[in-house]
Amino acid sequence: MKRLIIKQIHNIRNLKSQGKSLREICTLTRIPLSTLQYQLSKGESRKREKNIRIPKDDFVIGELIGAFAGDGNYYLDKNGRSYKYHIRFFLSYRDDTQYKLYLMRILKKFNLNPRVFIVKYKGKPSVFVIRVTSKKLVEFIREYLSWKSTKGRTVHLKKEITSFSKLLGG
C-alpha cells in the first residue's frame, strides 16, 4: 500500500472525532485497519493518567497523609522511556486487616485503583502492601509533607499543625 497523503490523514482523524469506529472508517475509506490504528495512535500519549479526585473531607485527607507519613513510601520506576510513580503502604498482616480495607476505601475515594500484595516471611504471610500508581497523588502528598532522601526519620508536615482544620489535628 502507498503512503497516506495528508488529506487522507485529516479525513481519518475527522471521522474518528465524529465518533466513527475503526471498522466504519475502514469500510468508508478502504484503508486497512492496521494502517488506521497506526495513524490514529501517532501523536497520542499511550496512557493518560486519571485525575485524582480530592475528597472535601479533611479527615479523609488527614488519614491518607498520616498513613503515608507512618508506613508509606513512593518510588519512581524508570522502565525504558516510561515513568511510573508507585506509592506503597505497608501494614501488618496480623494486626491491620481492617485498616487495610479502610485505607483501600480512602484510596478509592481519591479515584485510585489500589492493589494489595502479601509479603511472606519464612513462608508465612507477614505484610500487606497496598500499591497505587499515580504521579498526581505523589504531588498531592508533597503539598502536605516533606522529607529528605530517606523518609524514615525526616518526614514532617510542611505547615504548622495549627494551620490545618480541627479534623486534621489543628
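Which residues does Phe89 touch, not counting residues up to four places away in sequence? I looked this up in a predicted model, in which local features need pLDDT of at least 70, side-chain atom pairs count only at pLDDT 80 or more, and totals for chains, interfaces and linings use all residues. Residues are numbered from 1 along each chain as its sequence is written, and side-chain values use heavy atoms, with hydrogens and water left out.

**Entry 1, Phe89.** I found that Phe89 touches Leu64, Ala67, Phe68, Asp71, Gly72, Leu103, Leu107, Phe128, Val129 and Ile130, where contact means heavy atoms within 4.5 Å.

**Entry 2, the core.** I then noted that Phe89 is among the residues with the most contacts inside the largest nonpolar core, which has 27 residues. Such a core is a set of buried Ala, Val, Leu, Ile, Met, Phe, Trp, Tyr and Cys residues joined through side-chain atoms within 4.5 Å, and buried means under 20% relative accessible area (1.4 Å probe, protein chains only). Helix H4 (58-71) gives the largest share, six residues; helices (H or I, at least four residues) are DSSP runs, numbered from the N terminus.

**Entry 3, H4 and H6.** I looked next at the axes of H4 and H6, which come within 10 Å and cross at roughly 90°; axes are lines fitted to C-alpha atoms over the stretch in contact, and angles run from 0 to 180 degrees between N-to-C directions. The two helices are therefore roughly perpendicular to each other, a term for angles of 65 to 115 degrees. On the H4 side I listed Ile61, Leu64, Ile65 and Phe68, and on the H6 side Leu137, Phe140, Ile141 and Tyr144.

Conventions:
Buried < 20%, exposed > 50% of the residue type's maximum accessible area, 1.4 Å probe, protein only. Parallel < 35°, antiparallel > 145°, perpendicular 65-115°, else oblique.
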